[in-house]
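Please look over the sequence and the structure shown here before reading on. The briefing is meant for someone who has not met this structure before.

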Amino acid sequence: MSSVASSPKPALKVVSYNIRKAMGIDRRRDPARILQVLNQIGADVVVLQEADLRLGPRPAAIPRFLIAQETDYDVVDLARNEVSLGWHGNAIFVRRGLEVTQTARIELPGLEPRGAVMARVEGVNVVGAHLGLLRRYRLKQMSQIRDHLGELRAEAAIFGDFNEWSDVRGYEPWERDFTLTLPGRSYHASRPFVALDGIAYGSALVLDDAGVEQGGAARRASDHLPIWAQLSRRS
C-alpha cells in the first residue's frame with residue numbers, strides 16, 4: 001500500500017502525533033515531554049491530534065507559552081477561540097520562517113463532532129485529521145476531506161490518526177486520488193501492534209522517506225507513537 005521513492009531534496013518533513021491531550025502511558029499529563037518528542041524528530045511541520053482538552057472551551061493541552069519557550073514552532077491560526085491550539089483537537093505547528101499561505105477547517109460527518117484542518121506550507125496542502133471510531137463514518141469523513149480539497153488534491157498530504165485497524169481495506173474513498181502509506185505500527189506505544197496513524201498524499205507529491213519515532217520519550221509520552229514523512233514535489 002505504500003510507495004517510497006528517492007529524491008535528493010525533500011521539501012518538507014512532517015510529523016503526525018496523537019498526543020492524547022499530553023497524557024502519557026504512565027498517567028502523567030506532561031506537555032513538556034510531548035515537546036521533547038517533537039524536538040527530537042525535528043520536523044518542519046507538526047500535525048497533532050487530541051491537542052486540546054474535551055470539556056468546556058477545549059483549552060490547549062500544551063500551553064502556548066511553553067511551545068514558544070521550548071521549540072521554534074509557531075501555532076497555525078486554526079482555533080475559533082483564544083484557549084485552544086486547534087479545531088476539534090487537530091492542530092498544526094510550522095517551523096518559524098516557513099510561510100503559511102492558506103488555512104481551512106473541514107467539517108466532517110459522524111455520530112460525534114469531528115473536523116479536519118489544513119495549512120498550505122511550501123506549496124503542500126498539509127491536512128490533519130482524527131477520523132471516527134466506526135468505519136461507515138470514517139468512509140464518509142474521507143469522502144468529505146477529498147471533496148473539500150477539490151483541485152488541491154494533487155498537492156495535498158493528509159496526516160493523522162485514521163483509526164482503521166485494517167491495512168488492506170477501509171480507505172476506498174482515497175484510492176483514486178491519493179497514495180496511502182502506513183509507516184508502521186504506532187499503537188499502543190508500550191507495545192505497538194497496529195498501524196492506526198498514516199499518510200495519504202496526492203499525485204504531485206513524492207514520499208522520500210517515512211517512519212515511526214520510537215526513541216526517547218516517545219514510548220511514554222502518549223499511547224500513540226508519532227509518525228513522520230519527508231515529502232517533495234514531483235518534478
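What follows is a short lead and then bullet points grouped by topic.

The model is a predicted one. One open sheet has 6 strands in the order β5-β6-β7-β8-β10-β9, and another open sheet of 6 strands has the order β3-β4-β2-β1-β12-β11. Strand β7, which covers residues 124–130, is largely enclosed by the rest of the structure, because 7 of its 7 residues are buried.

**The sheet that contains β7**

- In the sheet with the order β5-β6-β7-β8-β10-β9, the pairing of the strands is mixed.
- The edges of this sheet are formed by β5 (100–108) and β9 (179–181), and since each has a single partner strand, one side of each is left without a neighbour in the sheet.
- On average, and with direction ignored, neighbouring strands of this sheet are turned by 20 degrees against each other.
- β5 pairs with β6 in the antiparallel sense over 8 bridges; Val-100 has Val-121 in β6 as its bridge partner, while Ala-104 stands opposite Met-118 in β6.
- The same two strands, β5 and β6, form a hairpin with 5 residues between them, and in its turn Gly-110 has a positive phi of about 155 degrees.

**Strand β7 and its partners**

- Both faces of β7 are covered, with Val-124, Val-126, Gly-128 and His-130 buried on one side and Asn-125, Val-127 and Ala-129 buried on the other.
- Strand β6 (residues 114–121) is paired with β7 in the antiparallel sense over 6 bridges, and Val-127 in β7 is the bridge partner of Met-118.
- β6 and β7 form a hairpin with 2 residues between them, where Glu-122 in the turn has a positive phi of about 50 degrees.
- β7 is also joined by 6 bridges to strand β8 (residues 156–161), and these two strands run parallel; here Asn-125 stands opposite Ala-156 in β8.
- Together with helix α3 (residues 135–149), the strands β7 and β8 make a right-handed β-α-β unit.

**The sheet that contains β2 and β4**

- The pairing is mixed in the open sheet with the order β3-β4-β2-β1-β12-β11 as well.
- At the edges of this sheet stand β3 (73–75) and β11 (205–212), each with a single partner strand, and therefore one side of each is left without a neighbour in the sheet.
- Its neighbouring strands are turned by 25 degrees against each other on average, direction ignored.
- Strand β2 (residues 45–49) and strand β4 (residues 91–95) pair in the antiparallel sense over 4 bridges, and Val-45 stands opposite Val-94 in β4.

**The largest pocket**

- The largest pocket has a volume of about 390 Å³, and of the 23 residues that line it, the closest to its centre are Glu-50, Arg-54, Glu-112, Arg-114 and His-130.
- The lining of the largest pocket divides into 5 nonpolar, 8 polar and 10 charged residues.
- Two of the residues named for this pocket also appear under other topics: His-130 is among the buried residues of β7, and Glu-50 lies in the loop between β2 and α2 (64–70).
- Glu-50 counts as buried because its relative accessibility is 19%, where buried means under 20%.

**Helix α1 and backbone details**

- Helix α1 (residues 31–41) contains the buried residues Pro-31, Arg-33, Ile-34, Leu-35, Val-37, Leu-38 and Ile-41, and just after the helix Gly-42 takes a positive phi of about 70 degrees.
- The phi of Glu-50 is near 55 degrees, which is a positive value in a residue other than glycine.
- His-88, which is not a glycine either, has a positive phi of about 50 degrees; His-88 has its place in the loop between β3 and β4, and with a relative accessible area of 28% this residue is partly exposed.
- The peptide bond from Tyr-187 to His-188 is cis, with omega near 0 degrees, and His-188 is found in the loop between β9 and β10 (197–201).

How values were computed: Residues are numbered from 1 along each chain as its sequence is written. This is a predicted model: local features need pLDDT of at least 70, side-chain atom pairs count only at pLDDT 80 or more; totals for chains, interfaces and linings use all residues. Side-chain values use heavy atoms; hydrogens and water are left out. Buried means under 20% relative accessible area, exposed over 50%, partly exposed in between (1.4 Å probe, protein chains only). Two strands pair if DSSP finds at least two bridges between them. A crossover is right-handed if, with the strands pointing away from the viewer, the path from the first strand over the helix to the second runs clockwise. On a 1 Å grid over the protein atoms alone, a cavity is a set of points where a 1.4 Å probe fits but cannot get out, and a pocket is an open set with protein on both sides within 12 Å along at least five of seven lines; lining residues have an atom within 4 Å of a point. Grid points are joined across faces, edges and corners, and a volume is the space filled by probe spheres set on the points. Ala, Val, Leu, Ile, Met, Phe, Trp, Tyr, Cys and Pro count as nonpolar, Asp, Glu, Lys and Arg as charged, and the others, Gly among them, as polar. Axes are lines fitted to C-alpha atoms, for helices over the stretch in contact, and angles run from 0 to 180 degrees between N-to-C directions.
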